[in-house]
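Biologist: Please take a close look at one part of this model, the metal site and the segments of chain around it. I should like a connected account, with the cut-offs behind each term.

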Amino acid sequence: MENRKFGERKMYKAVCADCGKECEVPFQPQEGRPVYCRECYQKHRRY
Ligand SMILES: [Zn+2]
């Protein structure tokens, strides 16, 4: 049986490609794909 909890997301440790800060992202970081922390993610995602 699958037990899905929407309140509990697995977080992956990553290093922000912009500011170099260590951060956690709700998805598994992939090679070749930049990962941004929350602040930088919003910077890169205008509108
Ligand atoms: Zn950042």
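Modeller: In E2, Val 15 has Glu 22 as its bridge partner. This is a predicted model, in which local features need pLDDT of at least 70 and side-chain atom pairs count only at pLDDT 80 or more, while totals for chains, interfaces and linings use all residues. Residues are numbered from 1 along each chain as its sequence is written, and side-chain values use heavy atoms, with hydrogens and water left out.

The protein chain holds one helix and two strands, in the order β-β-α along the sequence. Helices (H or I, at least four residues) and strands (E, at least two) are DSSP runs, numbered from the N terminus. Strand E1 (residues 12-15) and E2 run antiparallel and are joined by four bridges; two strands pair if DSSP finds at least two bridges between them. Elsewhere in this pairing, Ala 14 stands opposite Cys 23. Six residues lie between the strands of the hairpin, where Gly 20 adopts a positive phi near 80 degrees.

The zinc ion has four protein donors, Cys 16 (SG), Cys 19 (SG), Cys 37 (SG) and Cys 40 (SG), at 2.3 Å from the ion. Donors are N, O and S atoms within 2.8 Å of the metal (3.2 Å for Na, K and Ca); water is not among the atoms, so sites may look incomplete. The spacing of the donor residues in sequence is C-x2-C-x17-C-x2-C. The arrangement is tetrahedral because the four donor atoms subtend angles of 103 to 115 degrees around the zinc ion. Four donors earn that label if all angles lie between 85 and 135 degrees. For four tetrahedral donors the ideal angle at a metal is 109.5 degrees.

Two of the donors contrast in their cover. Cys 16 is buried, at a relative accessible area of 3%, whereas Cys 19 is partly exposed, at 44%. Buried means under 20% relative accessible area, exposed over 50%, and partly exposed in between (1.4 Å probe, protein chains only). Lys 21, in the loop between E1 and E2, is also partly exposed because its relative accessibility is 42%. Beyond residues up to four places away in sequence, Lys 21 touches Ala 14, Val 15, Cys 16, Cys 37 and Glu 39; contact means heavy atoms within 4.5 Å. With the neighbours within four places likewise set aside, the donor Cys 37 is in contact with Cys 16, Cys 19, Lys 21 and Cys 23.

Val 35 lies in the loop between E2 and helix H1 (38-44), and its 6% relative accessibility is why it counts as buried. Its C-alpha atom is 5.3 Å from that of Cys 16, although the two are 19 residues apart along the chain. Outside the residues up to four places away, the contacts of Val 35 include Ala 14, Cys 16, Cys 23 and Val 25. Strand E2 (residues 22-25) has Cys 23 and Val 25 on its covered face, and Glu 22 and Glu 24 on its uncovered one.

These parts meet in the largest nonpolar core, whose seven residues are Ala 14, Cys 16, Cys 23, Val 25, Val 35, Cys 37 and Cys 40. A nonpolar core is a set of buried Ala, Val, Leu, Ile, Met, Phe, Trp, Tyr and Cys residues joined through side-chain atoms within 4.5 Å. For the protein chain as a whole, 15% of the 47 residues count as buried.

How values were computed
Four donors count as tetrahedral if all angles lie between 85 and 135 degrees; four count as square planar and six as octahedral if opposite donors are over 155 degrees apart and all others between 65 and 115; anything else is irregular.
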